[in-house]
Amino acid sequence: MRLWNIFHRGSFWLEESTSCLLVTSDGSPPPPPQQCVLIHPGFTYRGRSPSSMFHWGKWKKRMGANSSSKRPVYDEKEDVTFDHFQILRAIGKGSFGKVCIVQKRDTEKMYAMKYMNKQQCIERDEVRNVFRELEILQEIEHVFLVNLWYSFQDEEDMFMVVDLLLGGDLRYHLQQSVQFSEDAVKLYLCEMTLALDYLQNQHIIHRYAILKSRSPTASDGERATALAGTKPYMAPEIFQSFVSGGTGYAFEVDWWSLGVTIFEVLRGWRPYDIHASNSVESLIQLFSTVSVQYSPAWPKALVSLLRKLLTVNPEHRFSGLSDMQASPYLADVNWDAVCEKKLEAGFVPNKGRLHCDPTFELEEMILESRPLHKKKKRLAKNRSRDNSKDSQSENDYLQECLEVVQQEFMIFNREAEAGATDEDAPEPEPEPEPEPEAESSSKLSMCGSVCSSPASC
């Protein structure tokens, strides 16, 4: 059964006996299953040997990227737009946004691009959250965060172009029954600790919402009160604040989430059996009556650290880089090496496959009513239709909201900003010879551009 003609370059076929998706380049009937090799669950490519299953160059060519031998040249002064990118494939989606892999046409760099439909954001009252997320991401940059590179818009969507991380997320690997070693998890713990310390110094509460725009910024002494985040990872004081008011919560909630995450990656399940359907009142009762059961096989120093992170009372919880560095479990960590990514990872994802759900691409190609790769033709047709009809909109309120979004959206280009900063920077003056340091002084230089400050690292 023929399902789809992709970019007029080939066809998807579903082989009924194996439920594998077969791809042919010329529209011919698919080959027998024994002549195919599985690239990742649900997808099979014709004529590929296992040793070359996922070579980016060949894969991009098949998917339509780099069809021209010459790179386009763009004016550095012009804004980056949708046309500057080649769309490769869908890799994820949220409640009102989707994510795909893209390649910037002039530099051939690969990114992840998140795009959100403006009308859906307006209908769901999410525009303010999207703008808040953009505002936060434009101000931060860290080696252990997914950094924003570009933001732009068109008539339909708002776009954010960020770092592409092809290794997959921890949730995906846990679902694939990956067993993480203690050393691998210890490195993740240190990396997330540095990331949270950076956010804390930027007055940002992460709240395990993957830096969604709901995550507030908090100045010294300011407290948050909103009920937001992912329930299984939310700290007890967030629920308590929602029910009884009080003083709210602050940065301590992120360190609770860190403890839940590390526990889950090590054990395979979370310390508390919490689901999105649980009521707030039942969760408050749960935290006061249920004790966390730690594995007897874990080192005592690790259990002690997790107890400090999963302390219900935030006043007694570990909640900063200095607390973590003082833990006996992390006493032997070379924080410079962690920050500079010099430590060998205990788990390296297979480079021969994409670590994401393959159904996202199928949905985009088969079910999506407005697929991204047809955007250019669709917008051109819409503009022609708009010019030929009365300017009076069928929905004046929606049109007014769309115009406000168009005017208020924040365009961003990190590369251009970095170039402008370099041009404006004065010539550095020669520094005097440094005096020799005392033997007992700290030698934690850390990378200043990555960590919040040498002192905090």
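In the predicted model, helix H6 spans residues 236-244, and its buried residues are Pro 236, Glu 237, Ile 238, Phe 239 and Ser 241. These buried residues pack against two other helices, H7 and H8, the latter formed by residues 280-289. Just after H6, Gly 245 adopts a positive phi of about 75 degrees.

Helix H7, which covers residues 252-267, also packs with helix H9, formed by residues 300-309. The axes of H7 and H9 lie 8 Å apart and enclose an angle of about 140 degrees. Angles over 145 degrees would count as roughly antiparallel and those from 65 to 115 degrees as roughly perpendicular; H7 and H9 are therefore oblique to each other. On the side of H7, the contact is made by Trp 255, Trp 256, Gly 259, Ile 262, Phe 263 and Leu 266. On the side of H9, Leu 302, Leu 306 and Leu 309 take part. Classified by residue type, the contact of H7 with H9 comprises eight nonpolar residues, one polar residue and no charged residues.

The strands can be described next. Six of them form an open sheet in the order S6-S7-S8-S10-S9-S11, with antiparallel pairing. The edges of the sheet are strand S6, residues 85-93, and strand S11, residues 412-413, each of which pairs on one side only. Helix H3, residues 127-139, packs on the sheet and touches S8, S9, S10 and S11. The direction of H3 makes about 25 degrees with that of S10. In general, the strands of a sheet pair through backbone hydrogen bonds, in either a parallel or an antiparallel manner.

Within this sheet, strand S10 covers residues 157-162, and six of its six residues are buried. Cover is found on both faces of S10. One side carries the buried residues Asp 157, Phe 159 and Val 161, while the other carries Met 158, Met 160 and Val 162, which are likewise buried.

S10 pairs with S8 and with S9. S8 and S10 run antiparallel and are joined by six bridges; in this part of the sheet, Met 113 stands opposite Val 161 of S10. Strand S9, residues 148-153, pairs with S10 over five bridges, again in the antiparallel sense. Two positions illustrate the pairing with S10: Ser 151 stands opposite Met 160, and Tyr 150 has Val 161 as its bridge partner. The connection from S9 to S10 is a hairpin of three residues.

Tyr 115 belongs to strand S8, which spans residues 110-117. The relative accessibility of Tyr 115 is 9%, and since values under 20% count as buried, Tyr 115 is classed as buried. Tyr 115 and Phe 159 are 44 residues apart along the chain, yet their C-alpha atoms are separated by 4.4 Å.

For the protein as a whole, 15 helices and 11 strands are found. The protein has 457 residues, of which 45% count as buried. The exposed area amounts to about 25,500 Å², and 50% of it is supplied by carbon and sulfur atoms. Among contacts between residues at least 6 apart in sequence, 61% join residues at least 24 apart.

Notes: Residues are numbered from 1 along each chain as its sequence is written. This is a predicted model: local features need pLDDT of at least 70, side-chain atom pairs count only at pLDDT 80 or more; totals for chains, interfaces and linings use all residues. Side-chain values use heavy atoms; hydrogens and water are left out. Helices (H or I, at least four residues) and strands (E, at least two) are DSSP runs, numbered from the N terminus. Buried means under 20% relative accessible area, exposed over 50%, partly exposed in between (1.4 Å probe, protein chains only). Contact means heavy atoms within 4.5 Å. Accessible areas come from the Shrake-Rupley method with a 1.4 Å probe; for residues, only the protein chains shown count as cover. Axes are lines fitted to C-alpha atoms, for helices over the stretch in contact, and angles run from 0 to 180 degrees between N-to-C directions. Angles under 35 degrees count as roughly parallel, over 145 as roughly antiparallel, 65 to 115 as roughly perpendicular and the rest as oblique. Ala, Val, Leu, Ile, Met, Phe, Trp, Tyr, Cys and Pro count as nonpolar, Asp, Glu, Lys and Arg as charged, and the others, Gly among them, as polar. Two strands pair if DSSP finds at least two bridges between them.
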